[in-house]
Amino acid sequence: MKTVFGPIYSRRFGVSLGIDLSPMLKQCNFDCLYCELKKAKPITSMQEVITVEQVIQEIKEKLQEGVVCDVITLTANGEPTLYPHLAVLVDELKKLIEPFKKPPKLLLLSNGSLFYKDDIKKSMEKLDIVKFSLDAITPQVFRRIDRGHKTMDISIIIQGIKDFKHYFHGDLIAEVLFVKGVNDDLKEVQKIAHTLLEIAPTRVDLSTIDRPPAYAVQALSTEELYALATYFKGLCVFVAQRKKRDIIPQYYTEEQILQTLKLRPLCDYDIERLFDERSLSTFKKLQSQGQIIAQKAGGISFYNILKR
């Protein structure tokens with residue numbers, strides 16, 4: 001079975017060539033309510049394992065075809081850090097792309113549950129970007145939404161992510177996926193936001209259900225996601241939505257634009273959705289005056305006010 005797919009375009013990471021480390025079946029230590037894969041009992045180790053040689057050969061073939069990508073993404077029908085040869089695979093991928101004039105970055109999409117393990121940390125140290133999930137802080141909410149293996153302890157997971165942040169030199173990106181009526185209670189949202197402020201990731205992606213989930217749960221609207229984003233002060237937040245326009249642009253005065261950016265940096269995607277034409281004109285004027293500055297966070301440009 002093929003392990004490499006794409007390339008596909010991602011608003012968050014650019015053109016991606018994907019590697020599925022569990023192409024045969026779902027192998028995960030979580031069974032999340034919102035998972036697009038079918039229900040499956042959480043496990044702690046992969047039962048079916050592909051070889052590093054197969055992955056490298058498939059990647060070589062894609063690159064020899066002339067495929068150009070921004071990132072090579074390590075993912076899985078499940079949790080990629082369960083893959084027992086992860087460290088070796090990362091090393092081999094690094095060797096393969098090193099000769100490139102502009103080598104693609106190596107990205108791992110994880111639920112973050114095993115970052116506390118030294119061997120897992122070691123296997124990820126050469127990656128350029130690591131994305132982890134943090135959907136809950138309270139143990140009962142964590143158990144309800146992520147449905148982890150009985151050995152999973154959210155406090156250990158959080159401490160593992162904090163430790164990894166100090167260990168890792170690449171871009172560490174957090175994702176919070178909200179499910180209506182499950183983890184969108186404002187007290188839980190505030191706890192997630194506070195914990196992420198302590199972790200200080202490069203970027204925080206807020207999302208909701210986008211594809212048919214394994215369980216009968218509902219998504220939040222874009223408006224609800226943007227409302228929750230206001231609680232993530234001091235963080236670069238990207239609100240991930242596929243729908244082109246399901247929020248009506250509003251008029252923002254100069255003062256409102258500066259106050260909004262003071263609370264939370266906005267990316268191009270936010271500005272396109274939130275600001276009407278007059279607001280965009282005011283935004284560009286403030287930018288030309290040097291009152292608004294741009295910064296890169298995990299490959300996305302965010303705009304902030306110039307702090308004097």
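The questions and answers below concern a predicted model.

Q: Which residues have the most contacts inside the largest nonpolar core?
A: The largest nonpolar core of this predicted model has 89 residues. Membership requires a residue to be buried and joined to others through side-chain atoms within 4.5 Å. Those with the most contacts inside the core are I59, L74, F178, L196 and F232.

Q: Which helix gives the most to this core?
A: The core in question is the largest nonpolar one, with 89 residues. Six residues come to it from the element that gives the most, which spans residues 86–97. That element is helix 2.

Q: How many residues are in the other core, which lies apart from the largest one?
A: Another core lies apart from the largest one. Among its residues are C267, Y269, A297 and F302. The number of residues in this other core is eight.

Q: How many disulfides does a search of the whole structure find?
A: A disulfide needs two cysteine sulfur atoms within 2.5 Å. For C35, the nearest cysteine sulfur is that of C32, 6.4 Å away, and C35 is in no disulfide. Over the whole structure, the number found is zero.

Q: Is C35 buried or exposed?
A: A residue counts as buried when its relative accessible area is under 20%. The relative accessible area of C35 is 16%, so C35 is buried.
The cysteine C69, with a relative accessible area of 10%, falls under the cut-off too, and its class is likewise buried.

Q: Which residue meets K26 in a salt bridge?
A: Side chains of opposite charge can pair when their charged atoms come close. K26 counts as buried at 16% relative accessibility, and its partner also counts as buried, at 3%. The two side chains meet with an N to O distance of 2.9 Å, and the partner of K26 is D31.

Q: How many residues apart in sequence are the parts tied together by D91 and K126?
A: The side chains of D91 and K126 meet in a salt bridge of 2.6 Å, N to O. D91 lies in helix 2, whereas K126 lies in the loop between helix 3 (118–124) and strand 5 (129–133), so the pair ties together parts that are separated in sequence. The separation is 35 residues.

Q: Where do E92 and K95 both lie?
A: The side chains of E92 and K95 meet in a salt bridge of 3.2 Å, N to O. E92 counts as partly exposed at 28% relative accessibility, while K95 is exposed at 54%. The two residues are three residues apart, about one turn of the helix, and both lie in helix 2.

Q: In which strand is the place of D205?
A: D205 is linked with R12, K131, E175 and R203 in a network of salt bridges. At 0% relative accessibility, D205 counts as buried. Leaving aside neighbours within four places in sequence, its contacts are R12, I173, A174, E175, V176 and F238. The place of D205 is in the strand of residues 203–208, which is strand 7.

Q: Which residues make the nonpolar surface patch of about 290 Å²?
A: One member of the patch, M24, is placed in the loop between strand 2 (14–20) and helix 1 (52–64). Patch residues have over 30% relative accessible area; M24 has 33% and counts as partly exposed. The patch is made by M1, M24 and L25.

Technical notes: Residues numbered from 1 in each chain as written. Predicted model: local features only at pLDDT ≥ 70, side-chain atom pairs only at ≥ 80, totals over all residues. Heavy atoms only, no water. Patch = residues over 30% accessible without salt bridge, like charges linked within 9 Å, V, L, I, M, F, W, Y side chains within 5 Å. Areas by Shrake-Rupley, 256 points an atom, 1.4 Å probe, with all protein chains shown as cover. Salt bridge = Lys/Arg side-chain N within 4 Å of Asp/Glu carboxyl O. Helix = DSSP H or I, 4+ residues; strand = E, 2+ residues; numbered from the N terminus. Buried < 20%, exposed > 50% of the residue type's maximum accessible area, 1.4 Å probe, protein only. Contact = heavy atoms within 4.5 Å.
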